[in-house]
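Colleague: Could you take one part of this model and walk me through it slowly? I'd like to follow it from a single pair of residues outwards, in plain bench language.

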Amino acid sequence: MNAITQINPGIRQQILDAFNFRHATKIFDPDRKISDEDFNVILEAARLSPTSFGHEPFRILMIQSPEKRELFREFSWGANGMMNGSSGQLGTASHFGIILAATDELMRAGSDYLQDHYARVKQLPDEVIEIFNGAYGKFQAEDHKITSGREITDWSGKQAYIVLANMMTAGALMGIDSCPIEGFDMARTTQVLAEDFGIDTAKWKPAVMFAFGHRAKDPEFLKTRRTMQDTVSWF
Ligand SMILES: Cc1cc2nc3c(=O)[nH]c(=O)nc-3n(C[C@H](O)[C@H](O)[C@H](O)COP(=O)(O)O)c2cc1C
């Protein structure tokens, strides 16, 4: 049975506190490591995230070896500290990773990969698999017109961002800081993944990087956002 049967009255404020606590951390305290127990909760938040059709078109690469992290430094301006004269998230984060997006080779409707996913992971019977193939084929070809390799990979990337958002919120609820990272050269990252990590980049492409840890100091900037009125329209 679902363990959440009643709203704990304090939870609303806890959630808002977590969202206010979270900021895009530029420099982490290199001496404060996240425990395995806490980081596993963050990874479970990723694994349990929703994805369109339940296709889970992502993988997570954790890059903990300092030498491996350095392979990304030169062309990862959003994580290498060049904006603040530090070694950046690459040099200071307790945990650093990349979410990979599944390409069209895996995510085109009817692919062998999806047949295996439906049968083995989702445990769907053959007749339901046929329904999925038809519905997803129509979704790609007609509803959303996601047909080129780039479009399909970008669609996988959208799912990857949901995953990362859930990871960051899970972290913030535990008082763990994070940074989402798009500031990197896509082509060179793809090349490093192929050459130094053995990733088949015809199947998996980088979507977004992330860093987790504990802030070295308080954020320099106030959190600014549009008003609720400018953000949400009710009809
Ligand atoms: C998808 C995405 C990519 C981002 N890339 C970077 C990045 O490469 N480096 C960085 O320091 N911050 C990056 N940010 C952080 C944003 O600049 C930051 O979230 C935004 O300015 C709002 O600030 P706050 O998160 O501190 O509230 C990224 C944020 C998102 C959502």
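**Starting from one residue pair**

Modeller: Ser-178 stands opposite Phe-212 in β4. Bear in mind as we go that this is a predicted model. Ser-178 falls within strand β3, which covers residues 177-181, and β3 pairs with β4 in the antiparallel sense, over 5 bridges.

Now stay on β4, which runs over residues 204-213. Strand β2, residues 95-102, pairs with β4 as well, again in the antiparallel sense, and there you'll find 8 bridges. If you want a spot to click on, take Phe-96, whose bridge partner in β4 is Ala-211. So how much of β4 is covered? Counting as buried any residue under 20% relative accessible area, 9 of the 10 residues in β4 are buried.

Let's go back to β3, since that strand takes us to the ligand. β3 supplies 3 residues to the shell around the ligand, the largest share. There are 14 residues around the ligand, and the ones that come nearest are Ala-24, Lys-26, Gly-78, Gly-183 and Lys-223. Sorted by class, the shell is a mix: 5 nonpolar, 4 polar and 5 charged residues.

A few atom pairs are worth zooming in on here. Gly-183 places a backbone N or O atom 2.9 Å from an oxygen atom of the ligand. With Arg-22 the side chain is involved: one of its N or O atoms is 2.9 Å from a ligand oxygen. The side chain of Arg-225 also has an N or O atom 2.9 Å from an oxygen atom of the ligand. As for cover, the ligand taken alone exposes 620 Å², and the protein buries 64% of that.

One last stop, in the loops, for some backbone angles. Most residues other than glycine have a negative phi. Glu-56 isn't a glycine, yet its phi is positive, about 45°. You'll find Glu-56 in the loop between α2 (36-47) and β1 (58-62), and at 30% relative accessibility it counts as partly exposed. Gln-123 is another non-glycine residue with a positive phi, near 55°. Look for Gln-123 in the loop between α6 (112-121) and α7 (126-143). With a relative accessibility of 62%, Gln-123 counts as exposed.

Definitions and conventions. Residues numbered from 1 in each chain as written. Predicted model: local features only at pLDDT ≥ 70, side-chain atom pairs only at ≥ 80, totals over all residues. Heavy atoms only, no water. Near = heavy atom within 4 Å. Polar contact = N/O pair within 3.5 Å; in protein donor to acceptor, adjacent residues only side chain to side chain. Areas by Shrake-Rupley, 256 points an atom, 1.4 Å probe, with all protein chains shown as cover. Helix = DSSP H or I, 4+ residues; strand = E, 2+ residues; numbered from the N terminus. Nonpolar A, V, L, I, M, F, W, Y, C, P; charged D, E, K, R; others polar. Buried < 20%, exposed > 50% of the residue type's maximum accessible area, 1.4 Å probe, protein only. Pairing = 2+ DSSP bridges.
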